[in-house]
Amino acid sequence: MKRVGTLRLLSDLSDFSGAARLRELLAGDPAVRVRCSPDGRHLLLLRPPGAPAPQLLVAVRGAGAELERAWPAGQPSPLDAFFLPWPAGPALVLVWESGLAEVWGAGVGPGWRLLQSTELCAAGGARVVAVAVARGRLVWCEQRLLGAEDRRRPPTAAFSHCVCVRTLEPSGEAGTSLGRTHVLLHHCPSFGLLASRKDLFLVPTASTWPGVAHVLLIWSPGKGKVKVASPHLGLSHSKSLNPGRGDTWDFRSLLRGLPGLLSPREPLTVHTWAPAPQGLLLLDLKGTVSLVQSHGGTRAVGTLQEAPGGLRGSAALGTFPGTLACVLGSALELLDLSSGQLLERKVLSTDKVHLLEPPVPGMEEEEELETRGGLRLLSALGLFCVGWKAPPGLEVPSAKDLVFEEACGYYQRRSLRGALLTPEELRHNSMFRAPQALASILQGHLPPSTLLTMLRTELRDYRGLEQLKAQLVAGDEEEAGWAELAEQEVTRLLRTDLVGDQLAQLNTVFQALPTAAWGATLRALQLQLDGSGRLRSQAPPDVWKKVLGGTTAGKEPPNGILPPFELLCQCLCRLEPRWLPLFVELAQQQGGPGWGAGCPGLPLYRRALAVLGEEGSRPEALELELLLGSGRPKAVLQAVGQLVQKEQWERALEAGLALGPSSPLLRSEIFKLLLAEFARHRRLDAHLPLLCRLCPPELTPSELLLLIRAHLPDDVGPPSPFPEPGAEPPLTVGLLRVLLEQTGAQGQPSGPVLSLYEDILWDPGTPPPTPPRGPMTALQASEPSGLDTWLPSGQNLCVADTGNRF
């Protein structure tokens with residue numbers, strides 16, 4: 001059944017601001033330049049320099065203010081103007097022949113306002129001859145000022161141009177940031193610039209040197225390549241041209257290095273150039289339409305029934321799915337883009353017609369299914385959509401059916417299964433929840449505007465992800481692109497149930513790009529250091545529950561896949577080891593019952609230690625920090641024991657002092673461990689004040705002395721008041737005084753003495769009577785009871801004689 005071409009009226013221009021002025025400019029000036037914004041809401045009309053006022057008009061469809069500018073006689077008007085696809089709001093860049101560039105924006109305040117003004121041409125006397133905007137870059141061809149001697153040499157004057165580029169990036173609410181100028185081509189002829197969505201085409205003009213007027217260049221910013229092509233010769237060569245790496249070319253040297261391109265040929269006689277998604281369309285004077293593709297190859301698309309009569313006269317070229325549309329005068333011809341066959345020819349009621357590209361996918365306003373992706377035709381009569389009318393009897397599928405069909409194709413392309421996925425399987429399989437949710441929303445007959453409001457955030461994220469994938473495929477800024485993609489993937493995975501394929505995907509991302517993956521986790525958990533050097537988190541409990549989940553205790557993870565907590569610990573051990581103990585301590589505070597691995601007896605610090613390796617091969621500093629920060633008595637005692645072995649006394653004491661009043665038994669055990677070391681040697685003497693602070697308040701002097709006595713070294717000879725040279729000094733009563741005071745009461749007891757040694761601590765100030773100094777018999781010297789009866793009364797002597805061994 002033969003298809004029927006239609007012109008469907010989208011707007012009679014009455015819903016555009018300044019509709020009367022818009023119709024006047026479209027009907028009166030055939031040379032007016034028309035551009036459409038990426039979202040399809042704004043129309044830009046720019047009259048050529050020297051035209052009557054106003055020279056610039058920007059009309060907006062729906063709510064919004066128009067922009068109308070006029071320049072008085074004698075003051076130049078802009079050479080060209082372009083819309084910038086900023087998400088914050090519409091933006092416009094105007095470029096003058098003198099090199100002046102202005103960026104205008106709307107959407108923040110009422111009306112349009114000037115955001116930035118800059119000079120493009122650094123050389124004095126230079127002028128811009130062509131300008132284009134390609135993939136966030138402003139590219140222009142400028143003619144440099146020549147000296148008197150160079151003007152007399154035609155070849156030198158013909159190659160006095162250069163092609164320059166500056167990056168354009170959104171900044172702030174509606175601002176624009178312009179990068180530094182980079183010269184792509186030196187000493188080149190005059191080129192016209194045409195930009196498609198992926199490539200920039202440098203085409204010869206009427207003033208191009210005839211010897212190179214058969215050559216055109218195709219620059220692909222995403223790939224960092226430039227192709228030099230000759231459509232007549234069927235040749236093309238590719239060279240590297242990446243401004244990010246500082247690439248630049250001298251045009252004459254570039255051509256001399258490409259064999260065959262300098263063979264004598266007639267210049268290209270082109271009536272109309274037009275960029276298209278497939279490449280660059282060109283219409284010659286014979287009525288033949290050709291397509292120059294991005295790889296440099298050229299193919300004929302078809303021939304129009306009527307050829308343009310010379311270089312004058314208006315013509316417009318454009319494409320929509322599978323079809324080439326050409327407007328020549330008042331005739332519209334539709335050709336099959338594959339075979340070149342003429343499908344339909346229509347005679348229009350006006351010859352002042354402009355073809356506009358459809359809105360960028362994802363940025364368009366509410367649009368009907370029949371007009372989506374169609375080519376726009378603009379005249380003073382209105383805005384039309386060029387498309388094909390559906391044959392009678394053809395049933396348009398419902399929105400719900402379209403959701404499952406599109407989702408089926410999407411999942412099939414990304415699936416590793418050999419079986420074919422069907423829409424019916426998507427309807428009944430609970431694994432694919434996204435299409436079912438969208439279908440249920442559409443089934444409720446929500447207006448498109450309400451649906452767009454509900455899904456705006458998800459659609460923006462999805463659109464950004466798809467653009468990032470396309471950027472990576474094109475090879476544009478790969479390192480930053482991969483990092484951003486990893487961050488988005490980790491953020492997405494942390495919102496899912498981390499089991500099976502999702503957990504395997506998370507492991508893959510952390511192994512490939514650990515820095516970017518950790519950065520995304522840092523933001524998802526909202527981690528930050530407080531003033532005391534501890535980690536804090538503002539993330540909701542649901543996120544932590546996913547992070548702290550694990551596999552069954554005692555079983556190895558399947559295929560070497562680590563649970564999320566172990567994965568983060570491994571990443572931190574590689575990137576920020578000093579954060580690992582802080583992270584484990586924070587995770588222990590966040591963890592709830594049943595959040596850890598399958599066995600409740602496997603604490604988080606042990607899971608972190610398992611990531612560090614087997615015992616004996618772990619980094620000692622990290623192992624100590626994890627044990628001390630675990631809060632588990634057994635782990636803390638193990639850490640203090642290691643510190644004692646390394647004779648790090650101060651740190652061992654601080655570990656005990658750091659324990660709060662809720663852990664009296666653990667503090668007591670650490671005190672006994674260190675007290676034993678205090679009894680054995682004198683290396684703890686310098687830290688005696690800290691040891692006194694660690695002493696349990698309930699410990700009595702008797703218990704203290706018994707503990708010390710149990711750990712005193714055995715005597716190897718007769719007692720001596722002074723140690724042997726090189727021997728370890730013994731423990732003295734003077735060293736014990738501070739500990740004995742710590743274990744006693746705060747004041748002198750009012751009741752009877754409770755301990756044999758407590759009266760030592762409360763000296764009344766009067767010395768006891770001097771014992772008899774008669775000769776001592778051998779029986780008295782060996783009688784043990786004499787010591788028991790003498791020691792209590794000789795308290796002052798015991799305190800003052802610090803040189804005697806206890």
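**Figure 1. The predicted model holds 20 salt bridges.** One of them joins the side chains of Arg127 and Glu97, with 3.9 Å from N to O. Arg127 sits in strand β10 (residues 127–134), while Glu97 sits in the loop between β7 (91–95) and β8 (100–106), so the bridge ties together parts 30 residues apart in sequence. Both ends are partly open to solvent by the computed areas: Arg127 is partly exposed at 36% relative accessibility, and Glu97 is partly exposed at 40%.

**Figure 2. A salt bridge links the side chains of Glu357 and Arg197.** The N to O distance is 3.8 Å. Two loops meet here. Glu357 belongs to the loop between β29 (354–356) and β30 (375–379), and Arg197 to the loop between β15 (191–195) and β16 (200–204), so the pair ties together parts 160 residues apart in sequence. Glu357 is partly exposed, with a relative accessible area of 37%. Arg197 is also partly exposed, with a value of 41%.

**Figure 3. Glu585 and Arg534 form a salt bridge through their side chains.** In the model, N and O lie 2.3 Å apart. Glu585 is part of helix α14 (residues 579–590), whereas Arg534 is in the loop between β32 (527–529) and β33 (535–537), so the bridge ties together parts 51 residues apart in sequence. Arg534 is partly exposed, at 37% relative accessible area. Elsewhere, Arg21, Glu24 and Glu68 are joined into one network by salt bridges that share partners.

**Figure 4. The whole chain gives the setting for the close-ups.** Its secondary structure comes to 25 helices and 33 strands. Of its 806 residues, 42% are buried. Among contacts with a separation of 6 or more, 52% are between residues 24 or more positions apart. The accessible surface of the chain is about 42,600 Å². Carbon and sulfur atoms account for 54% of that surface.

**Figure 5. Leu13 and Ser17 both lie in the loop between β1 and α1.** The flanking elements are β1 (4–11) and α1 (19–28). Leu13 has a phi near 75°, a positive value in a residue other than glycine. Most residues other than glycine have a negative phi. Leu13 is buried, with a relative accessible area of 0%. Ser17 is buried too, with a relative accessible area of 12%. Beyond its neighbours within four places in sequence, Ser17 is in contact with Ala59, Val60, Gly64, Ala65 and Glu66.

**Figure 6. Ser314 lies in the loop between β24 (298–303) and β25 (315–320).** Ser314 is partly exposed, with a relative accessible area of 35%. Neighbours within four places in sequence aside, the contacts of Ser314 are His271, Val327, Leu328, Gly329 and Asp351. Val327 is 13 residues from Ser314 in sequence. The C-alpha atoms of these two residues are 8.2 Å apart in space.

**Figure 7. Helix α16 (residues 620–629) contributes five named residues to the buried part of the model: Leu622, Glu623, Leu624, Leu626 and Leu627.** The buried residues of α16 pack against several helices. These partners are α13 (564–575), α14, α15 (604–612), α17 and α18. Just after α16 comes Gly631, with a positive phi of about 75°.

**Figure 8. Helices α17 (residues 633–645) and α18 (residues 649–657) cross at roughly 160°.** Their axes come within 8 Å. Angles over 145 degrees count as roughly antiparallel, and α17 and α18 therefore run roughly antiparallel to each other. The crossing of α17 and α18 is left-handed. From α17, the contact uses Val640, Leu643 and Val644. From α18, Trp649, Arg651, Ala652 and Ala655 take part.

**Figure 9. Glu647 sits in the loop between α17 and α18.** Its phi is near 60°, a positive value in a residue other than glycine. Glu647 is partly exposed, with a relative accessible area of 40%.

Key. Residues are numbered from 1 along each chain as its sequence is written. This is a predicted model: local features need pLDDT of at least 70, side-chain atom pairs count only at pLDDT 80 or more; totals for chains, interfaces and linings use all residues. Side-chain values use heavy atoms; hydrogens and water are left out. A salt bridge is a side-chain nitrogen of Lys or Arg within 4 Å of a carboxyl oxygen of Asp or Glu. Helices (H or I, at least four residues) and strands (E, at least two) are DSSP runs, numbered from the N terminus. Buried means under 20% relative accessible area, exposed over 50%, partly exposed in between (1.4 Å probe, protein chains only). Contact means heavy atoms within 4.5 Å. Accessible areas come from the Shrake-Rupley method with a 1.4 Å probe; for residues, only the protein chains shown count as cover. Axes are lines fitted to C-alpha atoms, for helices over the stretch in contact, and angles run from 0 to 180 degrees between N-to-C directions. Angles under 35 degrees count as roughly parallel, over 145 as roughly antiparallel, 65 to 115 as roughly perpendicular and the rest as oblique. A crossing is left-handed if the near helix is turned anticlockwise from the far one by less than a right angle, and right-handed if clockwise.
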